[in-house]
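Please look through the sequence and the model below. The paragraphs that follow go from the whole chain to its helices and then to single residues.

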Amino acid sequence: MKTLDRILGHLVSCKDVTHLLSEREDRPLSAFERIKLEWHLAVCKACMAVERQFRVMHEAMRRYRQ
(Lines give C-alpha, C1' and ligand atoms only; values in the text may rest on other atoms or scores of the structure.)
Protein backbone atom coordinates (compact mmCIF):
# COMPACT_ATOMS: atom_id res chain seq x y z
CA MET A 1 0.00 0.00 0.00
CA LYS A 2 2.84 2.38 0.78
CA THR A 3 4.23 1.91 -2.74
CA LEU A 4 0.83 2.67 -4.26
CA ASP A 5 0.58 5.86 -2.18
CA ARG A 6 4.03 6.89 -3.36
CA ILE A 7 3.13 6.28 -7.02
CA LEU A 8 -0.15 8.16 -6.69
CA GLY A 9 1.58 11.03 -4.92
CA HIS A 10 4.00 11.53 -7.77
CA LEU A 11 1.40 11.55 -10.54
CA VAL A 12 1.53 15.33 -10.28
CA SER A 13 4.81 17.24 -10.40
CA CYS A 14 6.13 19.57 -7.72
CA LYS A 15 5.73 22.42 -10.20
CA ASP A 16 2.05 21.54 -10.66
CA VAL A 17 1.57 21.31 -6.89
CA THR A 18 3.06 24.79 -6.43
CA HIS A 19 0.62 26.06 -9.04
CA LEU A 20 -2.31 24.36 -7.28
CA LEU A 21 -1.26 25.85 -3.94
CA SER A 22 -1.25 29.28 -5.52
CA GLU A 23 -4.60 28.70 -7.25
CA ARG A 24 -6.10 27.54 -3.95
CA GLU A 25 -5.56 31.07 -2.61
CA ASP A 26 -7.73 32.53 -5.39
CA ARG A 27 -10.42 29.94 -5.99
CA PRO A 28 -11.81 26.67 -4.64
CA LEU A 29 -10.04 23.67 -6.14
CA SER A 30 -12.02 20.92 -7.83
CA ALA A 31 -12.31 17.59 -6.06
CA PHE A 32 -9.79 16.06 -8.46
CA GLU A 33 -7.33 18.92 -7.89
CA ARG A 34 -7.65 18.54 -4.12
CA ILE A 35 -7.03 14.79 -4.32
CA LYS A 36 -3.94 15.25 -6.50
CA LEU A 37 -2.65 17.91 -4.12
CA GLU A 38 -3.23 15.87 -0.97
CA TRP A 39 -1.67 12.70 -2.43
CA HIS A 40 1.43 14.60 -3.49
CA LEU A 41 1.75 16.46 -0.19
CA ALA A 42 1.55 13.13 1.64
CA VAL A 43 4.82 11.97 0.03
CA CYS A 44 6.78 15.13 -0.78
CA LYS A 45 8.46 16.95 2.10
CA ALA A 46 9.62 19.81 -0.10
CA CYS A 47 6.06 20.59 -1.21
CA MET A 48 4.83 20.27 2.37
CA ALA A 49 7.30 23.04 3.27
CA VAL A 50 6.02 25.19 0.40
CA GLU A 51 2.46 24.63 1.60
CA ARG A 52 3.43 25.81 5.10
CA GLN A 53 4.97 28.93 3.56
CA PHE A 54 1.75 29.63 1.65
CA ARG A 55 -0.25 29.24 4.86
CA VAL A 56 2.04 31.63 6.76
CA MET A 57 1.79 34.22 3.96
CA HIS A 58 -1.99 33.81 3.81
CA GLU A 59 -2.29 34.35 7.56
CA ALA A 60 0.03 37.37 7.44
CA MET A 61 -2.03 38.95 4.66
CA ARG A 62 -5.25 38.26 6.56
CA ARG A 63 -3.87 40.00 9.64
CA TYR A 64 -2.52 42.90 7.56
CA ARG A 65 -5.98 43.55 6.06
CA GLN A 66 -7.56 43.83 9.53
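How much area does the chain expose, and what share of it do carbon and sulfur atoms supply? The chain exposes about 5200 Å², and 60% of that comes from carbon and sulfur atoms. The model is a predicted one. Its secondary structure consists of four helices and zero strands, so the order of elements is to be read as a plain series of helices, α-α-α-α from the N terminus on. The chain has 66 residues, of which 21% count as buried. Among contacts between residues at least 6 apart in sequence, 63% join residues at least 24 apart.

The helices can be taken in order, beginning with H2. Helix H2 covers residues 14-26. Its 13 residues should span 18 Å at 1.5 Å a residue, and the end C-alpha atoms are 19 Å apart, which agrees. Val17, Leu20 and Leu21 are the buried residues named in H2. Seen down the helix axis, the buried residues of H2 fall within an arc of 100°, so they line one face of the helix. A general point on helix geometry helps here: an α-helix has 3.6 residues a turn, so residues three or four places apart point the same way. On the other side of H2, Lys15 and Asp26 are exposed. The cover over the buried residues of H2 includes helix H3 (31-43) and helix H4 (45-65).

H3 follows a similar description. For the 13 residues of H3, the expected span at 1.5 Å a residue is 18 Å, and the end C-alpha atoms are 19 Å apart, which agrees. Here Glu33, Leu37, His40 and Leu41 are buried. Viewed down the axis of H3, these buried residues lie within an arc of 100°, so they line one face of the helix. Phe32 and Ala42 are exposed on the other side of H3.

H4 has 21 residues. From its first C-alpha to its last, H4 reaches 31 Å, close to the 30 Å expected at 1.5 Å a residue. Cys47, Glu51 and Phe54 are buried in H4. They cover an arc of only 60° around the axis, which puts them on the same side of H4. The face turned away from that buried side carries exposed residues, namely Lys45, Ala46, Arg52, Val56, Arg63 and Tyr64. What covers the buried residues of H4 includes H2 and H3.

Which residues make up the largest nonpolar core? This core has 10 residues: Val12, Val17, Leu20, Leu21, Leu29, Leu37, Leu41, Cys44, Cys47 and Phe54. H2, H3 and H4 each supply at least two residues of the core, and the largest share, three residues, comes from H2. As a general matter, nonpolar side chains in soluble globular proteins tend to be buried together.

Two leucines show how the core is joined. Leucine 20 lies in helix H2 and counts as buried at 5% relative accessibility. Not counting residues up to four places away in sequence, leucine 20 touches Leu29, Glu33 and Leu37. Leucine 20 and leucine 37 are 17 residues apart along the chain, and their C-alpha atoms are separated by 7.2 Å. Leucine 37, leaving aside its neighbours within four places in sequence, is in contact with Val17, Leu20, Leu21, Arg24 and Leu29.

The cysteines deserve a separate look. The structure holds zero disulfides. Cysteine 44 is in no disulfide, and the nearest cysteine sulfur, that of cysteine 47, is 3.7 Å away. Cysteine 44 is buried, with a relative accessible area of 8%. Why does cysteine 47 form no bond with cysteine 14? The sulfur of cysteine 47 has its closest cysteine sulfur in cysteine 14, at 3.6 Å, which is too far for a bond, because a disulfide needs the two sulfur atoms within 2.5 Å. Cysteine 47 counts as buried at 4% relative accessibility.

One last residue of H4 remains. Valine 50 is found in helix H4 and, at 24% relative accessibility, counts as partly exposed. The C-alpha atoms of valine 50 and threonine 18 are separated by 7.5 Å, and these residues are 32 apart along the chain.

Methods
Residues are numbered from 1 along each chain as its sequence is written. This is a predicted model: local features need pLDDT of at least 70, side-chain atom pairs count only at pLDDT 80 or more; totals for chains, interfaces and linings use all residues. Side-chain values use heavy atoms; hydrogens and water are left out. The expected span of a helix is 1.5 Å times one less than its number of residues. Buried means under 20% relative accessible area, exposed over 50%, partly exposed in between (1.4 Å probe, protein chains only). The arc is that of the directions from the helix axis to the C-beta atoms. Contact means heavy atoms within 4.5 Å. Accessible areas come from the Shrake-Rupley method with a 1.4 Å probe; for residues, only the protein chains shown count as cover. A nonpolar core is a set of buried Ala, Val, Leu, Ile, Met, Phe, Trp, Tyr and Cys residues joined through side-chain atoms within 4.5 Å.
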